[in-house]
Structure formats: C-alpha cells, structure tokens
Amino acid sequence: MNERAIVCKGLTKRFGDFIAVNNISFDVDQGEIFGFLGANGAGKTTAMRMLCGLSYPTSGEAAVAGYNVFKQQEAIKRNIGYMSQKFSLYESLTVKENIRFYGGVYGLSDRQLKEKGDELITQLGMENEVKKMVGSLPLGWKQKLAFSVAIIHQPRIVFLDEPTGGVDPVTRRQFWDLIYAAAEKGITIFVTTHYMDEAEYCNRISIMVDGRIDALDTPANLKQQFRATSMDEVFYALARSAKRSAD
Amino acid sequence: MKQFMVFVRKEFHHVFRDRRTLLILFGLPIMQILLFGYALTTEIKNAQIVIADHAKDAASEQLISRIAASKYFTINSVALADNEIEAAFRKGKVKCVVVIPAGFGNDLLHGNSAQLQIIADASDPNTAKTLTNYLTAIATDYQQDLYPTANVPLRIEPLTRMLYNPEMNGSMNFVPGVMALVLMIICTTLTSVSIVREKEMGTMEILLVSPFKPTYVVLAKAVPYLVLALTDFVIILLLSVFLLEMPVRGSLPLLFLESMLFIITCLSLGLLISSVTSSQQMAMLVSMMGMMLPTILFTGFIFPLENMPVPLQVISNLVPSRWYYMIVKAVMLKGLGPGVIWKESLVLAGMTVVLLTISIKTFKTRLA
C-alpha cells in the first residue's frame with residue numbers, strides 16, 4: 001500500500017485536432033485528498049475518464065492503484081470508486097436496494113453486503129430511511145448516500161466528479177467530513193470541484209488550464225506562489241490565461 | 001453471474017414501480033387485442049334482422065332458429081306484409097330482411113329448388129354485402145346438414161350467390177398482426193428507453209466504471225424485457241384463444257420459440273436505438289413512432305403486401321414483424337411445422353445477429 005495511488009506521465013488525449021488533455025504529469029499518494037481543479041472545458045473530465053478506465057489515452061503513461069491504464073482497465077475498475085456530478089443512485093429503488101445493487105455489482109457477498117450496508121446506514125444516521133425511495137430524500141442526503149455507496153467495496157481510490165454541486169454549505173461541510181473519514185481509512189480521494197473553499201480542504205490541488213496542468217501544490221504553497229490571499233484569486237489568475245472557451 | 005442477477009433484479013424493480021412502463025407493458029397488448037378484436041373489425045355482430053316467414057313449416061323454422069343462434073344476427077321482429085318490411089328499414093335499425101316464401105319446406109323436401117329472398121339495407125354497401133354473405137353461408141350450411149351426402153344439387157337457392165366461409169372469423173387476420181405489432185413496440189420502446197434513462201440519469205457512467213462488463217450491461221438489460229415480453233405474448237395468446245376464439249392449430253412450443261426469436265430481434269433493435277439516441281423522449285419517439293408506422297404498413301395484416309409497388313415490397317423485407325407475422329399465421333392458423341417456416345426464422349435470426357453486433361459495437365465505441 002506504500003506505492004503511489006496514481007502515477008501519471010505525459011498523459012495526452014486527442015480528439016482529431018483537438019487536444020483535450022495535453023501532456024499532464026502528476027502523482028497522487030495513497031490516502032491523499034487530491035483536488036483536481038479547472039474551468040469548464042479545461043479537460044478535467046477527459047483526464048478523469050482516462051484514469052477510470054473509461055477511455056484510452058492517446059499517448060503517455062498512467063498507473064492507477066498500480067495498474068496500467070492501457071492494459072489493466074478491468075483491474076483498475078475493481079479498485080476504484082466513482083461518483084459523478086449527476087446524481088447517480090436509482091431514484092425508484094429504496095436506500096437499501098441501491099446499496100445492495102451497487103454492492104452486488106462490485107461482487108460483495110451477501111454477508112459483506114449486510115455488514116457494510118448496516119455500517120453505512122448507521123454512519124449516515126439513515127436508519128429510518130432504509131425503506132424509502134431514494135427519490136424522496138433531500139439532495140444533500142442523496143449525495144452523502146451516493147458517496148458512501150461509491151466506497152462500499154473499499155476501493156483504493158475514489159474519483160469524485162463535482163460531488164457537491166447544488167448542495168447547501170452545511171451539507172457540503174458534512175460531505176467533506178465523510179471524505180475526511182474515508183481518507184483516514186486510507187482511501188485516496190481524487191476530487192474535482194468548482195468551490196474554492198473546498199479546494200482549501202484538499203491536501204494538494206492541481207489546476208488545469210487548456211488541457212495542461214498549470215499549477216500543482218498544497219493550497220498554502222499555491223497562495224504563496226501567486227501572492228494571493230485565497231484560492232479564488234489563485235484560480236482566477238490562472239483561469240484568465242485560458243484561450244479555450246468554456247463549453 | 002451473481003452480479004448479473006443483481007442487475008436483473010434491479011431492472012424488475014424499475015419496471016414494477018413505474019406506472020408508465022407497466023401501462024405500456026400490459027395495457028397496450030390488452031387494449032390492442034380488444035381494439036382489433038372487437039372494434040376494428042369488418043365483422044358485424046348482432047345485426048338486427050327481420051324475418052318474413054310465409055312458409056311457417058318445419059324447414060323454415062329450422063332455418064330461422066339457425067339464424068337466431070348465429071352470433072351475427074339478432075331477430076328484431078317477425079313481419080309478413082311488405083309495408084312492414086319497408087317500415088322496418090326506414091327506422092334504420094334493421095339491416096337486413098329474410099323473406100321465406102310459402103312452400104319453402106315443401107320445395108326443399110321434394111327436390112325442387114327452394115328460394116329465399118334476402119333484402120339488405122345497402123346504404124352501407126359493405127355491411128349489406130357482409131350480411132348477405134353470412135346469411136348465404138347459414139343457408140348453405142343448413143342445406144348441407146339436411147343432405148350430408150356430397151354433390152347434392154343446390155336446393156336452397158338464395159338470390160345472392162357469393163359464398164362465404166362460415167368459419168371465417170375476422171380476428172384471425174388481425175391477431176397475428178397485433179401480436180407482431182405489440183411485441184415490436186414493447187420490446188423496442190422499453191429497452192431503448194430504459195437504457196437511455198440510465199444515460200440521462202448518469203447511472204450508466206457508474207455502471208461503466210464498475211467492473212461489470214459493458215456487454216453484460218446490455219445483456220442484463222435485455223433479459224428482464226425478454227421475460228416480460230414473453231409474458232405479454234402469453235397474455236395475447238390467452239386473450240385471443242379464449243376471447244376471440246382463435247385456434248392454435250400448430251405446435252405451441254414452436255410458436256413460443258419463434259416468438260422468443262422475434263422478441264430477441266426486437267430487443268436488439270431497441271438496444272440499437274438506445275445507443276444512437278441520447279434522451280428518453282428521442283428514444284420513445286424513434287421506437288414508438290418510427291416503428292409503429294412501418295410495422296402497421298409493412299407487416300401485411302392491414303394492407304396486403306402483394307398489392308404494393310415493388311420498391312415498397314422490397315422495403316417490407318427489412319421489417320422484422322413481417323416475417324414474424326408470416327410465421328404466426330403459418331403455425332397458428334395453418335398448423336404448419338418448422339419445415340415450412342425455416343426461411344422466415346432464418347431471416348429473423350440473421351437480423352438479430354446483425355442488430356446485436358452493431359449495437360454492442362456502438363455501445364462500446366462510445367466509451368473510447
């Protein structure tokens with residue numbers, strides 16, 4: 001478990017003439033909370049899809065959880081969790097059925113499912129909602145549930161694509177408590193966000209501009225480097241140089 | 001395998017909790033069968049008829065009781081005078097009058113040709129024609145029962161000479177067509193919508209990131225709908241046998257197998273639609289509207305394909321329901337075996353392979 005969670009060297013993705021991700025390199029340590037920032041259209045999602053085994057890089061190298069993104073996509077998929085910006089549980093299934101479904105898809109045994117499911121429900125304090133349809137829950141709860149389900153199979157790395165979009169500040173805070181708890185258990189967190197206060201919660205952050213990573217360091221170091229008082233200023237300083245228009 | 005079952009179970013949860021899906025799944029076939037079986041039929045049932053029996057003998061009474069027993073006619077009244085007959089027509093309720101001349105039974109028994117007059121309200125020519133045909137059939141039937149030995153010269157001589165098969169049941173033409181139509185619509189619509197819904201909701205991404213193979217996602221989607229469509233097939237079959245009195249002359253297992261093949265063809269088509277559309281409305285539109293019209297036009301159960309211009313006949317070959325319709329007719333109505341329908345089955349199987357290959361390929365390449 002001492003190896004790096006993600007190792008990425010010169011990763012590039014082209015769609016025809018368009019270079020969505022341009023030669024990015026970075027490492028993420030096991031158990032680290034890594035913020036992956038960038039304006040819309042900067043290439044975050046494309047980069048993330050390559051790391052998740054959803055698309056092949058055009059060139060470069062990357063290993064996720066020690067597995068090669070070209071040759072071992074299946075092994076990668078078993079070792080990662082994923083939560084997207086779109087709400088990703090089934091609204092017409094109950095809380096329990098969702099847990100059983102996702103756990104089942106990751107091959108958890110019935111005993112594990114029960115254990116993990118109960119643990120998760122207790123942790124979220126959702127004992128009374130177990131039999132409710134997920135669609136009837138408030139958004140904040142759904143997001144917390146979605147996160148917990150994404151790590152139910154204890155992946156080495158969890159990818160969060162703008163997990164807190166549209167969620168109120170209090171719930172966001174609670175959401176980050178869950179993230180910290182997961183990180184303490186050794187799960188690496190790879191998170192994209194548009195909220196700069198959230199960026200401050202990360203151990204390290206990278207900022208993508210036009211497919212490149214233009215900055216990568218701890219929030220404190222970045223602020224110092226850009227002589228900024230907040231992450232907001234750092235982000236604007238970098239994003240202003242972008243030539244690509246956001247989609 | 002266990003993952004697969006987890007997925008299939010989830011799919012069933014979706015279906016049984018969505019009232020819209022349930023309505024399409026079970027409401028549509030029942031409605032179509034009832035609609036085509038009862039409403040949209042050229043058959044006329046319980047037509048009001050007036051009998052003018054001038055003979056009043058055993059033969060005329062037997063004939064009248066046969067007419068009364070037929071489900072096509074309800075005897076409105078018995079009249080004798082000409083003006084009564086005309087009055088009955090004027091009121092508009094009576095569609096047909098049968099006049100049995102005096103001495104009818106005598107003529108029949110003594111080998112003379114007996115005459116029968118049928119007067120129909122021809123302001124609706126189709127109805128009039130159909131009714132006279134029915135009556136002719138009943139009369140011919142009666143005569144044949146009187147003289148079971150073959151080749152008896154026609155003794156009751158109705159003025160209408162067109163023969164009609166009394167067994168001819170209007171729903172026979174429609175049921176195989178409706179079966180093809182309903183299965184086609186259900187399979188394509190429900191599979192395509194359910195897959196596109198996952199894309200729209202964002203759950204598809206999660207599934208693709210999971211170790212569950214994309215091909216399995218496609219198959220796990222198809223299995224529940226295969227089961228549900230087979231249930232539909234059984235419902236349609238039961239309705240048509242018990243309600244519409246359709247015969248199943250051929251082998252039932254063969255019919256079941258062929259239907260399964262057709263369902264799989266339609267599911268593959270649904271999968272293909274789902275991989276080229278990106279919203280539920282779009283998928284619904286393509287599979288409902290895009291499939292409904294060609295199916296109705298080119299299956300041959302409403303418009304005979306033989307009468308179509310050659311280019312349209314060629315196009316009709318591409319419509320899977322056309323082949324299934326031929327199979328069902330052959331097995332259900334003619335009682336034919338696999339020897340006769342192997343070609344049609346092969347066409348369906350070929351279509352399935354092509355559609356499935358394309359849809360799995362496009363499904364995968366979308367991810368690269």
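**Cavities, contacts and salt bridges**

Modeller: The lining of the second largest cavity divides into 9 nonpolar, 3 polar and no charged residues, and this, like everything we discuss here, comes from a predicted model.

Biologist: Which residues make up that lining of the second largest cavity, and how do you know that A:G81 belongs with the polar ones?

Modeller: From chain A the lining takes A:G81, A:Y82, A:M83, A:S88, A:L89, A:Y102, A:Y106, A:A146, A:V149, A:A150 and A:H153, and B:I206 joins them from chain B. Gly counts as polar in this scheme, so A:G81 is placed with the polar residues. Two elements of chain A, β6 (80–83) and α5 (139–150), each supply at least two residues of this lining, and the cavity has a volume of about 90 Å³.

Biologist: What makes such a space a cavity and not a pocket?

Modeller: A 1.4 Å probe fits inside but cannot get out, which is why the space is called a cavity, whereas a pocket is open. Counting those of 30 Å³ or more gives 4 cavities, and the largest holds about 120 Å³ of space. It is lined by 13 residues, and the closest to its centre are B:D18, B:T21, B:L190, B:V193 and B:R197.

Biologist: Which element gives the most to the lining of the largest cavity, and how does that lining divide by class?

Modeller: In chain B, α1 (2–17), α2 (19–39) and α7 (171–201) each supply at least two residues, with α7(B) giving the most, namely 5 residues. By class, the lining of the largest cavity has 6 nonpolar, 4 polar and 3 charged residues.

Biologist: Why is the pair B:K2 and A:D110 called a salt bridge?

Modeller: The N to O distance between these side chains is 3.6 Å, and the cut-off for a Lys or Arg nitrogen and an Asp or Glu carboxyl oxygen is 4 Å, so the pair qualifies as a salt bridge. Between chain A and chain B the count is 2 salt bridges, while the structure holds 20 over all chains.

Biologist: What links A:D27 with A:R4, and how far apart are their closest N and O atoms?

Modeller: They form a salt bridge in which those atoms are 2.7 Å apart, so this pair also meets the 4 Å cut-off. The pair links distant parts of the chain, with A:D27 in strand β2 (residues 18–28) and A:R4 in the segment before β1 (6–15), 23 residues apart.

Biologist: How many residues of chain A are in contact with chain B, and how many of chain B take part?

Modeller: There are 34 residues of chain A in contact with 25 of chain B, and the area buried between the two chains is about 2,500 Å², of which carbon and sulfur atoms give 62%.

Biologist: What does the model show for the span 216–242 of chain B?

Modeller: An unreviewed UniProt entry lists "transmembrane region" at several places in chain B, including residues 216–242 and 346–363. In the model, residues 216–242 are 100% helix and 0% strand, with end C-alpha atoms 39 Å apart. Residues 346–363 are likewise 100% helix and 0% strand, and there the end C-alpha atoms are 25 Å apart.

Notes:
Residues numbered from 1 in each chain as written. Chains lettered and ligands numbered in written order. Predicted model: local features only at pLDDT ≥ 70, side-chain atom pairs only at ≥ 80, totals over all residues. Heavy atoms only, no water. 1 Å grid on protein atoms, 1.4 Å probe; cavity = no way out; pocket = protein on both sides within 12 Å on 5 of 7 lines; lining within 4 Å. Points joined across faces, edges and corners; volume = space filled by probe spheres on them. Helix = DSSP H or I, 4+ residues; strand = E, 2+ residues; numbered from the N terminus. Contact = heavy atoms within 4.5 Å. Buried area = accessible area lost by both parts, 1.4 Å probe. UniProt positions renumbered as here; feature names shortened; annotations may be inferred.
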